[in-house]
Amino acid sequence: MKAAYLDRKAGAEALIVGDLAKPSPKVGEVLVRVHAAAITPSELEWYPSFHLASGAARPFPIVPGHEFSGVIEALGADAAGFQLGDEVYGLNDWFANGAHAEYVVAPVAMLAHKPAELDHAHAAAVPISVLTAWQALFEKARLLHGERILIHGAAGGVGQFAVQMAKGLGAHVIASVSGACREFVQSLGADEVIDYHTTRFEEAVSDIDVVFDAVGGETLERSWRVLRQGGRIVTFAASSAGSAEPRVHDAFLLVRADGTQLAEIARRLDAGELRVRIAGAIPLDQVHQAWRPTPSGCRLGKTVLQIIQP
Ligand SMILES: NC(=O)c1ccc[n+]([C@@H]2O[C@H](COP(=O)([O-])OP(=O)(O)OC[C@H]3O[C@@H](n4cnc5c(N)ncnc54)[C@H](OP(=O)(O)O)[C@@H]3O)[C@@H](O)[C@H]2O)c1
């Protein structure tokens, strides 16, 4: 099969497009013919990208891209809930080869049927971001109707879902974004917008119930002072992972694959209760362009590798 892969520990500039052996599904897994897979820019900095769960080094070639949309082509034993030809979207094991390839294997528990109203490119950009937003808002922060939430990075991959879900719950949403993204986040439901380039958020807001942090670093550090007493912070930013500071450690969320949540999210996408934007869809043989940072301005979501042209 055609795939984009690394043959050594390196960044995306070293990705090779070539032929690899097609994987086979094991117990509880399916083989998916990938139609589209999203780019997560920080992925090659994650521990599982170059390690196995045991801590040993992962063998090369390594294929990135752990969220995708496609069609089931083969079923492993005990792969209940899906049939050959089903359109699915979801994630696969972080420690296994990903979906920047014509085929990927994935556990059925990490998949759901693709939202019927979305094409594969848009569906592929949903799983990691939407599950992070869902688990951060509803499981970790336990956001309630009527609460005031400050969302750092509200126009990003995760933030755009957080704005919509928080608004859908009846929260008062304050979005912190680049000024170029003001109208975009307002269209998603933001009640107030802070341009982080021109305004220090702690001078604009206080008594916040929940801070939703997609940025980390000094943005997170400055966020504690805007909380009301008893307010909560959830952070999932790459820079917050592994923090030795107890309150950051406690606020940190690591997303988990959850097919049941993806099924409910597909329903909301099909009903128009949630929307997804992508920055663009780029063919597999232009993988380096797809991984390149996009120019400044409001980026409106993730870039997707289009493995099969629609
Ligand atoms: N722990 C987990 O399980 C998990 C899961 C998903 C993602 N992540 C991590 O979470 C982070 C966000 O992911 P993402 O996919 O949403 O990234 P993204 O699409 O790059 O979005 C980040 C957004 O933050 C904005 N931003 C940058 N600095 C800011 C600041 N000081 N104040 C307000 N907004 C600011 C960026 O806007 P500009 O481009 O205009 O600067 C961008 O829109 C990444 O570090 C990612 O690795 C972790």
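Helices here are DSSP runs of H or I with at least four residues, and strands are runs of E with at least two, numbered from the N terminus. With that in hand, let's walk through what is a predicted model, starting at the ligand.

The ligand has 25 residues around it, and the closest are Gly153, Gly156, Gly157, Ser178 and Val255. Two elements, helix 2 (127-140) and strand 9 (172-177), each put two or more residues into that shell. Helix 2 is the top contributor, with 3 residues. By character, the shell splits into 13 nonpolar residues, 11 polar ones and 1 charged.

Since helix 2 gives the most to the shell, have a look at its surroundings. A residue counts as buried once 20 or more other C-beta atoms lie within 10 Å of its own. By that yardstick 11 of the 14 residues of helix 2 are buried, so the helix is largely enclosed by the rest of the structure. Among the buried ones are Pro127, Trp134 and, at the far end of the list, Lys140. What do they pack against? The partners are strand 4 (67-75), strand 5 (87-91), helix 3 (159-169), strand 11, strand 12 and helix 8 (259-270). After helix 2 comes arginine 142, with a positive phi near 50°.

Strands 11 and 12 bring us to the sheet. It is an open one, with 5 strands in the order 10-9-8-11-12 and parallel pairing. Strand 10 (192-195) and strand 12 (227-235) are the edges, each pairing on one side only. On average, neighbouring strands in this sheet are turned by 20° against each other, ignoring direction.

Now zoom in on strand 8, residues 148-152. All the way along, 5 of its 5 residues are buried. In a regular strand, side chains alternate between the two faces of the sheet. Here both faces are covered: Arg148, Leu150 and His152 are buried on one side, and Ile149 and Ile151 on the other.

Strand 8 has a parallel neighbour in strand 9, joined over 5 bridges, and leucine 150 sits opposite isoleucine 174 of strand 9. Going from strand 8 through helix 3 to strand 9 traces a right-handed β-α-β unit. Strand 8 also pairs with strand 11, again parallel, over 4 bridges; there histidine 152 stands opposite aspartate 213. Carry on from strand 11 (residues 208-213) and you find 5 bridges to strand 12, also parallel, with isoleucine 208 partnered by leucine 227.

A few backbone oddities are worth a stop on the way out. Most residues other than glycine have a negative phi, and most peptide bonds are trans. Which bond is cis? The one joining phenylalanine 60 and proline 61, where omega is about 0°. Proline 61 sits in the loop between strand 3 (29-38) and strand 4.

Then there are two aspartates with positive phi. Aspartate 78 has a phi near 60° and belongs to the loop between strand 4 and strand 5. Is it buried or exposed? Aspartate 78 is exposed, because just 10 other C-beta atoms lie within 10 Å, and the cut-off for exposed is 12 or fewer. Aspartate 207 has a positive phi of about 50° and lies in the loop between helix 5 (201-204) and strand 11. With 10 C-beta neighbours inside 10 Å, aspartate 207 counts as exposed too.

Methods
Residues are numbered from 1 along each chain as its sequence is written. This is a predicted model: local features need pLDDT of at least 70, side-chain atom pairs count only at pLDDT 80 or more; totals for chains, interfaces and linings use all residues. A residue is near a molecule or strand if its C-beta atom, placed from the backbone, lies within 6 Å of it. Ala, Val, Leu, Ile, Met, Phe, Trp, Tyr, Cys and Pro count as nonpolar, Asp, Glu, Lys and Arg as charged, and the others, Gly among them, as polar. Two strands pair if DSSP finds at least two bridges between them. Axes are lines fitted to C-alpha atoms, for helices over the stretch in contact, and angles run from 0 to 180 degrees between N-to-C directions. Two residues are in contact if their C-beta atoms, placed from the backbone, lie within 7 Å. A crossover is right-handed if, with the strands pointing away from the viewer, the path from the first strand over the helix to the second runs clockwise.
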